[in-house]
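Trainee: I should like to understand how the labels applied to a structure are justified. May we go through some of them together?

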Amino acid sequence: MPPNLGGPPTHIHSREDELFTCVQGRVVVELDGEEHVLGPGDSLLMPRGVPHMFHNPFDEETRVVAVVSPPGLENYYQALSELPPGPRDMKLVAEIMVRHGLSLQKKP
């Protein structure tokens with residue numbers, strides 16, 4: 001993740017658990033409303049069904065290894081990569097999310 005990169009909005013996976021391990025820099029992960037700052041060697045499990053988001057607000061590049069289980073989320077990223085270039089049509093993104101078991105966290 002490049003420095004000062006905003007991440008995805010808070011979202012929920014219905015099918016997969018996700019494990020982040022930071023290998024360089026730092027990353028902020030918000031998991032179920034609680035903020036965690038991961039540095040090199042730190043890991044955090046984001047279980048399916050739990051709202052989460054991540055971003056890199058720091059002035060240094062961050063690298064994480066993300067392990068997703070069971071497999072299948074790669075199909076979501078493939079579908080996103082096939083969208084037309086230019087600004088993202090969020091209606092299309094939302095349709096892809098639903099198709100792959102993802103949803104945006106609704107604001108209270």
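Mentor: We shall discuss several labels in turn, bearing in mind that this is a predicted model.

Trainee: What makes the pair of Phe20 and Phe54 edge-to-face?

Mentor: Planes over 60 degrees apart count as edge-to-face. The ring planes of Phe20 and Phe54 stand at 65°, so the pair earns that label. Their centres are 5.0 Å apart, and ring centres need to lie within 6.5 Å to pair. This pair links distant parts of the chain, with Phe20 in strand 2 and Phe54 in strand 6, 34 residues apart. Both residues are buried.

Trainee: Why is Tyr76 called buried, and what is Tyr77 called?

Mentor: Buried means under 20% relative accessible area, and exposed means over 50%. Tyr76 has 10%, so Tyr76 is buried. Tyr77 has 46%, which lies between the two limits and therefore makes Tyr77 partly exposed. Tyr76 and Tyr77 also form an edge-to-face aromatic pair, with 5.1 Å from centre to centre and 65° between the planes.

Trainee: How do you know that the buried residues of helix 1 line one face?

Mentor: Those residues are Leu73, Tyr76, Ala79 and Leu80. Viewed down the helix axis, they fall within an arc of 110°, so they line one face. Their cover includes strand 1, strand 7, helix 2 and strand 8.

Trainee: Why is no salt bridge assigned to Glu16?

Mentor: A salt bridge requires the charged atoms to be within 4 Å. The nearest side chain of opposite charge to the buried Glu16 is Arg15, 5.4 Å away, so no salt bridge is assigned. The Glu16 side chain does make a polar contact with that of His13, at 3.1 Å.

Definitions and conventions: Residues are numbered from 1 along each chain as its sequence is written. This is a predicted model: local features need pLDDT of at least 70, side-chain atom pairs count only at pLDDT 80 or more; totals for chains, interfaces and linings use all residues. Side-chain values use heavy atoms; hydrogens and water are left out. Buried means under 20% relative accessible area, exposed over 50%, partly exposed in between (1.4 Å probe, protein chains only). Lys and Arg count as positive and Asp and Glu as negative; His and the chain ends are not counted. A polar contact is a pair of N or O atoms within 3.5 Å; within protein, one must be able to donate a hydrogen and the other to accept it, and residues adjacent in sequence count only if both atoms are side-chain atoms. Helices (H or I, at least four residues) and strands (E, at least two) are DSSP runs, numbered from the N terminus. The arc is that of the directions from the helix axis to the C-beta atoms. Contact means heavy atoms within 4.5 Å. Rings of Phe, Tyr and Trp (its six-membered ring) pair if their centres lie within 6.5 Å; planes under 30 degrees apart count as stacked, over 60 as edge-to-face and the rest as tilted.
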